[in-house]
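Let's take a walk through this protein together, moving from the whole chain down to single residues. Have the 3D view open beside you as you read.

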Amino acid sequence: MDLLQQLRCHSKQFATSAGWVMIPILLFGCAATAKQSDEKTPLQPVELNETTTVDTTQPELALPLTPELVYYVLTAEIAGQRGQLDIAVDLYNQAAELTDSPNLAGRSARISTFSRDPKRIDRALTRWQEVSPEEAEVYVMRVPFLLMEDNYPEVVVNMNKALALEPENKEKYLESLAANLSEKGDPERGLQTILELDLYKNDDPAARFTYARLAAYFQRFDVAEIAVDELLEEDPNNEAYLSLKADLLQTFDKNEEALKLIAKAAQRDGASESLRFTYGKLLGESGESEKAKRIFEELHLENPENPDVVFALGLLALERDDGQTAKSYFTQLLQMGDAGGQASYFMGLAEEMNDNVDSALVWFASVPVDSQRFEMAQTRYINLLADQGDIDKARQHLQLLRQERPQQAIDFYLFEAAFLREHDMPEESVEVLTEALTNHPGNLDLLYSRAMVAESIGRLEMLEQDLRTILKIDPENAQAMNALGYTLTDRTDRHEEALQLINKALELRPNDPYYLDSLGWVYYRMGNLEKAEYYLREAVEIQADVEFVAHLGEVLWMQNKKNEARKYWDQGVKLDPNNKVLQETLQRLTK
C-alpha cells in the first residue's frame with residue numbers, strides 16, 4: 001500500500017484524541033496528535049471515560065470566605081491532588097451549595113466530570129445552572145450525558161439554549177456537539193440532531209458546515225458533498241469548505257479534481273495551514289512527492305511542533321527509501337509524545353530500510369498494544385525473524401502473543417498456520433491448527449483453514465471430515481459446500497455428489513463467481529462441455545480470476561476452440577504469470 005495512504009484512517013481513537021476538527025475522513029493525521037490548524041481552539045467533548053489529571057488551579061472566589069467554605073474548598077483541592085476524585089467532587093459540591101457563586105459552581109461541575117459518575121456530574125451541573133442560568137457552557141456540558149441516555153430531544157433543547165446565549169461562540173459549541181455525536185456513533189440520529197438545531201433551521205453557515213463535516217465523518221459522502229457544494233456556491237473562497245470538498249473528492253478517487261479545486265487557494269499568500277496541509281497530502285497521494293515534500297517542509301519551518309506535518313515528512317521519506325531521514329522525523333514524533341502510538345511502527349520500517357534488523361525488531365516489538373499498527377507490527381516482526389531464518393523464534397513470539405492476548409488466540413493460531421504454509425511447512429501448519437481445534441473445538445475458521453491446508457498435502461480424508469463438521473454445525477455454510485464439492489470433483493470421481501453440493505451453494509449465493517467456476521468445472525469433469533463452457537464464461541464475466549480463465553481455456557481447448565483458449569490463457573498470464581493452476585494447465589495441454 002502506498003505509504004501516503006497510511007495517512008488516511010478513521011479510527012475512533014483518532015476522533016477522541018485529536019479534537020473534532022481532525023475527525024473527518026480527511027486530515028492526514030493518523031499519527032496525529034494535535035489538531036491541524038490554526039485559528040480555532042475547539043472545546044473538547046466531555047467524556048466520562050477520559051483519564052486525566054485534575055486541574056488543581058485554585059478558583060477565583062469573590063466570596064465571603066467563611067471557615068466552612070474555606071475548609072471544603074481546601075480539602076477538595078487536597079483530595080484532588082491526591083487523586084481522590086470522588087471525595088474532591090463531593091466536597092466541591094458541598095462548597096457550591098453554601099453560596100450562590102457561579103465561579104464555584106462552575107469549578108464544581110468541571111471537577112465532577114472527572115469522576116465518571118453521572119449522578120455526581122448531574123448534581124453539579126444542576127447546581128451550576130441554578131446559580132448561573134445564563135451560563136451557556138453548562139448546557140453544552142450536559143450534552144454527553146444526555147447522549148448516554150439517548151435523549152436526543154434534550155440535546156437539541158440544551159444546544160439551542162447555549163447557542164442562543166452565546167452566539168459568538170457558536171463554532172466552538174458546534175464543534176463540541178459534533179465531537180460528542182461522532183463519539184456516540186449513530187449517524188441517523190446524529191445528523192438529525194444537527195438538522196433540528198435552530199441555527200440550522202435559520203440557514204446558519206456554521207451549522208450547515210457542521211452538518212457537512214459530520215456527514216463526512218459518518219461516511220455519508222453523498223450527503224456531505226451536497227451540503228458543502230451549497231456552501232461553496234455562497235462562499236467559493238472559504239478555505240474550510242474547500243478543504244472538505246477536496247477531501248470528499250479524494251474519497252471519490254478524484255485526486256486530480258481535488259488538486260485543481262484547491263491549488264490556487266492553497267498557494268495564495270496567507271493561505272491557512274490546514275488548507276496547505278490538505279494540498280500537500282493530495283500532492284503526495286497523486287504521486288507528486290517532491291512538491292508535497294516542499295509544502296510540508298515549509299509548514300514544518302513555520303510550526304515545527306505540528307506532529308501531523310512531522311508524520312507526513314516521515315512517510316514521504318519512507319516513500320523515497322530514505323530510511324535515515326524517516327528515522328529522524330519519527331524520532332521527533334516520539335519526542336513529541338506520539339499520541340497516535342504509531343511512530344514505533346514506522347521507526348521499525350525506517351530501520352528495516354537502513355538494514356538495522358535488530359533495531360527494527362525492537363521497534364516493531366515496542367508498538368503499543370492499543371495502537372492501530374499493533375497487528376501490522378507483529379506481522380513485520382514475525383516475517384523479519386523468518387527472513388533471518390529464525391522460524392522457531394517467530395513461532396515462540398506467536399505463542400507468547402496467544403498467552404498474553406487469549407481473546408485473540410484463534411487469530412494468532414490462524415496467523416501462525418498461514419505463516420507456516422507460506423514457508424512450505426504445511427504439516428506443521430496442520431499441527432498448529434489441530435492444537436488450536438483442541439483448545440477451541442468446533443471453531444469454523446479453524447476447521448476451514450485446516451481443511452484447506454489438508455487439501456494442499458493430499459489429506460482429503462481430513463479435508464472432508466472438517467468441511468462436513470462445518471456443515472453439521474452450520475448447514476447453510478455455502479463456502480464449505482463449494483469447497484467440498486470442488487475438491488470432490490477435482491480430486492475424486494464423486495461428481496454427482498459434488499454437483500449437489502455446488503448447486504446448493506449457488507442457491508444460497510447466486511452469481512458467486514467462485515461457485516459458478518466450480519459448477520462449470522464439475523460439468524467439465526462429467527463430460528458436459530457445453531454446460532461447462534456456459535458456467536465458466538459466466539464466472540469469468542463476473543470476475544476475471546486467473547484460475548477461472550485457466551479452466552475456461554481448458555474447456556475451450558477440449559472443444560477444439562484453441563485460438564479462443566489461447567486468448568484466455570494469454571489474459572491469465574498477464575494477470576499472474578506464475579499462477580500454479582494456469583501453468584499446470586499450459587504444461588499439460590500445450591507442451
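**A tour of the fold**

Of the contacts in the chain with a separation of 6 or more, 53% are between residues 24 or more positions apart. Keep in mind as you look around that this is a predicted model. Its secondary structure comes to 33 helices and zero strands. The chain has 591 residues, and buried residues make up 52% of them. On the outside, the chain exposes about 27700 Å², with carbon and sulfur atoms supplying 47% of that area.

Let's begin toward the start of the chain, with a tryptophan. W128 is found in helix 5, which covers residues 118-131. Is W128 buried or exposed? W128 counts as buried, because its relative accessibility is 2%, and the cut-off for buried is under 20%. Leaving out residues up to four places away in sequence, W128 touches P102, A105, G106, A109, R110, E135, E137, V138 and M141. You can also pick out N103, which is 25 residues from W128 along the chain, with 8.6 Å between the two C-alpha atoms.

Moving on, you come to D150, in the loop between helix 6 and helix 7. D150 is not a glycine, yet its phi is positive, at about 55 degrees. D150 has a relative accessible area of 36% and is therefore partly exposed.

Next comes helix 8, made up of residues 170-184. From its first C-alpha to its last, helix 8 reaches 21 Å, close to the 21 Å expected for its 15 residues at 1.5 Å a residue. The buried residues of helix 8 are Y173, L174, E175, S176, L177, A178, A179, N180, L181 and S182. What do these buried residues pack against? Their partners are helix 6 (136-148), helix 7 (152-165), helix 9 (187-195), helix 10 (198-201) and helix 11 (205-217). After helix 8 comes G185, with a positive phi near 80 degrees.

Further along, D355 is another residue to stop at. D355 sits in the loop between helix 19 (343-353) and helix 20 (357-365). Phi of D355 is near 60 degrees, a positive value in a residue other than glycine. With a relative accessibility of 65%, D355 counts as exposed, because the cut-off for exposed is over 50%.

For a contrasting stop, find L398 in helix 22, residues 391-404. L398 has a relative accessibility of 1% and so counts as buried. Not counting residues up to four places away in sequence, L398 touches I382, F412, F415 and E416. Between L398 and T379 there are 9.8 Å in space, C-alpha to C-alpha, for a separation of 19 residues in sequence.

Now for the largest pocket, which holds about 1000 Å³ of space. Which residues lie nearest its centre? They are E455, Y486, D490, E547 and V581, out of 34 residues that line the pocket. The elements giving two or more residues to this lining are helix 25 (444-456), helix 27 (478-491), helix 29 (513-525), helix 31 (546-558) and helix 33 (580-590). By class, the lining has 14 charged, twelve nonpolar and eight polar residues.

Which helix gives the most to that lining? Helix 29 does, with seven residues. Eleven of the 13 residues of helix 29 are buried, so this helix is largely enclosed by the rest of the structure. Those buried residues are P513, Y515, L516, D517, S518, L519, G520, W521, V522, Y523 and Y524. They pack against helix 27, helix 28 (495-508), helix 30 (529-542) and helix 31. The end C-alpha atoms of helix 29 are 18 Å apart, which agrees with the 18 Å that its 13 residues should span at 1.5 Å a residue.

Helix 27 is a good place to finish, since T487 is located there. T487 has a relative accessibility of 7% and therefore counts as buried. Leaving aside its neighbours within four places in sequence, T487 is in contact with E455, L460, L463 and T492. You have met one of these contacts before: E455 is among the residues nearest the centre of the largest pocket.

Methods. Residues numbered from 1 in each chain as written. Predicted model: local features only at pLDDT ≥ 70, side-chain atom pairs only at ≥ 80, totals over all residues. Heavy atoms only, no water. 1 Å grid on protein atoms, 1.4 Å probe; cavity = no way out; pocket = protein on both sides within 12 Å on 5 of 7 lines; lining within 4 Å. Points joined across faces, edges and corners; volume = space filled by probe spheres on them. Helix = DSSP H or I, 4+ residues; strand = E, 2+ residues; numbered from the N terminus. Nonpolar A, V, L, I, M, F, W, Y, C, P; charged D, E, K, R; others polar. Expected span 1.5 Å × (residues − 1). Buried < 20%, exposed > 50% of the residue type's maximum accessible area, 1.4 Å probe, protein only. Contact = heavy atoms within 4.5 Å. Areas by Shrake-Rupley, 256 points an atom, 1.4 Å probe, with all protein chains shown as cover.
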